[in-house]
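Thanks for asking me to look this one over. My notes are below as numbered points, best read with the structure open beside you.

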Amino acid sequence: MKKCILFICLFTAVFGYSQRKSIADKFFNKLAYKKSAELYESIYKKGDTSKAVISRLGDSYYYNVELLKAEKMYAELMKKYQSIVAPEYIFRYAQVLKSNGKIKESDEWLSKLRQVKKDDSRGKALDENRDYFVDYTNKNKNYVNVYNLSSNTKYSDFGGFIYDDKLYFASTKPEGSKFDKKLYSWNEQPFLNIYSAKESLDKEQNILEVGNVEKIKGINTRYHESNVIITKDGKTMYFTRNNFDGEKLISDKNKVTNLKIFKANNVGGEWKNIKELPFNSDDFSCGHPALSPDEKTLYFVSDMKGGFGATDIYKVTILDKDNYGEVENLGKTINTEGREVFPFVDAEGTMYFSSDGHLGLGVLDIFESKYLNNDFTTPKNLGVPINGPLDDFAFVINETKTNGFFSSNRKGGKGDDDIYSYIIYYCKEDINGVVTDAKTGKPIPDVNVKLINNKGEEVAMEISKNDGSYIFETIDCEQKYTIVTSKEDYRNVEKNTETLDVNSQLITTNIELEPLIVEDQIVINPIYFDFDLYNIREDAESELKHIVSVLKNHPEMVIKIESHTDSRGSKNYNRKLSDNRAKSTRNYILTKGIDAKQIESAIGYGEDQLLNDCSDSNKGKCTKEEHQKNRRSYFYILKK
């Protein structure tokens, strides 16, 4: 009897557990991450630490931006199952570490992603820009007076699009209708509706505000609508909506309701004739529409098959009223293995979009890519204060590029997602020039040219082109700048670090670099020794760092060191003194991490090879400076 009772209890427990897990899986597959997190958390606490439970619990937290909890789960996932998890989990772990302020650890895991998936663009980007975090956290002074709009609620408010001095945006705020009782399972908030609000510029505080919030008529349903754009003539609206036929939601084979792009016509001030675009599908999502300046190209986001990542940005030509060309992926310059979302194209053709695949400061960062020569340039991170450790997205800018809006779930907001305004501040002065070889006069490409302000801060960095040219479109109207350059096997000419006065004009600053390798020598300024001594002086250290740099750049290079003295003192003493100086020089270089095999010899020649007439018979007639000239060292290259 006891055995039967025990069997029944065990059967009931197993059945209950199996049922809970099955329900959790269903919620997860339907993107109901709040519910799936609760259920997986219960299963996990009862002792199920399987890969499936830990990974899905981590994902449920991740997609609802509970990143501290997500970090804990992903850390356990890596500890137990790192060798068998999909590379995307390594990436997500790196992302949450970064968002939680653990930058070094995040970069280490991103490097591990490159080891697991060698062609992954995200790990490759880190290898190419190890200083990205410092660069992006240097405040972008173009964007000032970032302001949390008074219209934001405790719910999700994001968007939008600027048209006719109005901001169009989406919000989940409830309004007391019967539809508000139906919640979206992802975040358990009401479904999104589209609103408009009138812009107003507070000139005293220099902030952009909105007011008179109104719900758009004729577009909203009981399900999601968001991401509005309107043509310049005000006659056509494109927007994103759930796959809803007016009566019911339509799901794919996995019972997921995807997104579609719809368009509507303005008829007598009302939005009518709503129809979906022909490239939509029940099997994948299309959304986040954006228009090119000439309104002949529609950009959008999709997770259709054949893309590079979770979601990519695509384009399609608008042929006429209801006909479109072939859908094209924007390619690897824009799209990554991650998520690219919320494109917006300004009046000049520059695309702004959000991505978690390009190097950033948090989960989603905002990037800009200019349209040049019929293609988009490498995306540039907008940096602080636009981007931060969490999600920053839905960036828009007005036609005159003087202000705009973006959305963020950063700390200190009013709700889930908030809309922020910003003011643009420009400095119009440019600094440009050409980098050349001081000895040959030939242009030098691939030189790092840095612009330093009068506070010692790096304002910007450019790389010289094949013709040696560079240009800074200065981002701050500081009145004084310094140019600093660096190039492997070259040194700055002293005059390159001059102070530049910027006075509302184009400034041309040509730069000369001196090659450190000239024929069979590493050539530096003479390193001098004090009279009768062989210790390395401070001024000598600053020169010897160039020797160290060349040897590190060329680990196969072998050199010999020669040291010489003036004629004061006996010949034997001077040979011994110079030999000590040569060996002191060698020992200093070795302390900087150079392999001893790279220095074949270090020999002193005393006063045998004077550079002037200050010999024993004439030394009393020579000045201190003339004797100093003979106290020198050479660095001959024996093997390149």
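1. In this predicted model, a good place to start is Gly 101, which sits just after helix H5 and takes a positive phi of about 90 degrees.

2. Helix H5 itself runs over residues 87–99, and its length checks out. At 1.5 Å a residue, its 13 residues should span 18 Å, and the end C-alpha atoms are 19 Å apart, which agrees.

3. Is H5 enclosed or exposed? It is largely enclosed by the rest of the structure, because 11 of its 13 residues are buried. Among them are Tyr 89, Phe 91, Arg 92, Gln 95 and Lys 98, where buried means under 20% relative accessible area. The cover over these buried residues includes helices H3 (51–63), H4 (67–81), H6 (103–116), H7 (121–128) and H8 (132–137).

4. Next, the nonpolar cores. The largest has 51 residues, and Phe 279, Leu 298, Phe 395 and Phe 405 touch the most other members. Strand S24 (residues 418–424) gives the most to this core, with 5 residues. Apart from it lies another core, of 39 residues, which includes Tyr 61, Met 73, Leu 77 and Leu 97. Leu 97 is also one of the buried residues of H5. As background, nonpolar side chains tend to be buried together in soluble globular proteins.

5. Please look at Glu 295 too, in the loop between strand S12 (286–291) and strand S13 (297–302). Its relative accessibility is 23%, so Glu 295 counts as partly exposed; the cut-off for buried is under 20%. Leaving aside residues up to four places away in sequence, Glu 295 touches Thr 231, Lys 232 and Ile 318. With Lys 232 there is a polar contact: the backbone nitrogen of Lys 232 lies 2.8 Å from a polar atom of the Glu 295 side chain. His 554, by contrast, is 259 residues from Glu 295 in sequence and 54 Å from it in space, C-alpha to C-alpha.

6. How many cavities of 30 Å³ or more does a search of the whole structure find? There are 2, and the largest has a volume of about 170 Å³. Its lining is made of 19 residues, with Gly 160, Asn 227, Val 228, Phe 342 and Pro 343 lying nearest its centre. Elements giving two or more residues to that lining include strand S3 (166–171), strand S8 (225–230), S12, strand S16 (340–345) and strand S22 (392–397). Strand S2 (157–163) is another of these elements, and S2 gives the most to the lining, with 4 residues.

Note on methods
Residues numbered from 1 in each chain as written. Predicted model: local features only at pLDDT ≥ 70, side-chain atom pairs only at ≥ 80, totals over all residues. Heavy atoms only, no water. Expected span 1.5 Å × (residues − 1). Buried < 20%, exposed > 50% of the residue type's maximum accessible area, 1.4 Å probe, protein only. Contact = heavy atoms within 4.5 Å. Core = buried A, V, L, I, M, F, W, Y, C linked by side-chain atoms within 4.5 Å. Polar contact = N/O pair within 3.5 Å; in protein donor to acceptor, adjacent residues only side chain to side chain. 1 Å grid on protein atoms, 1.4 Å probe; cavity = no way out; pocket = protein on both sides within 12 Å on 5 of 7 lines; lining within 4 Å. Points joined across faces, edges and corners; volume = space filled by probe spheres on them.
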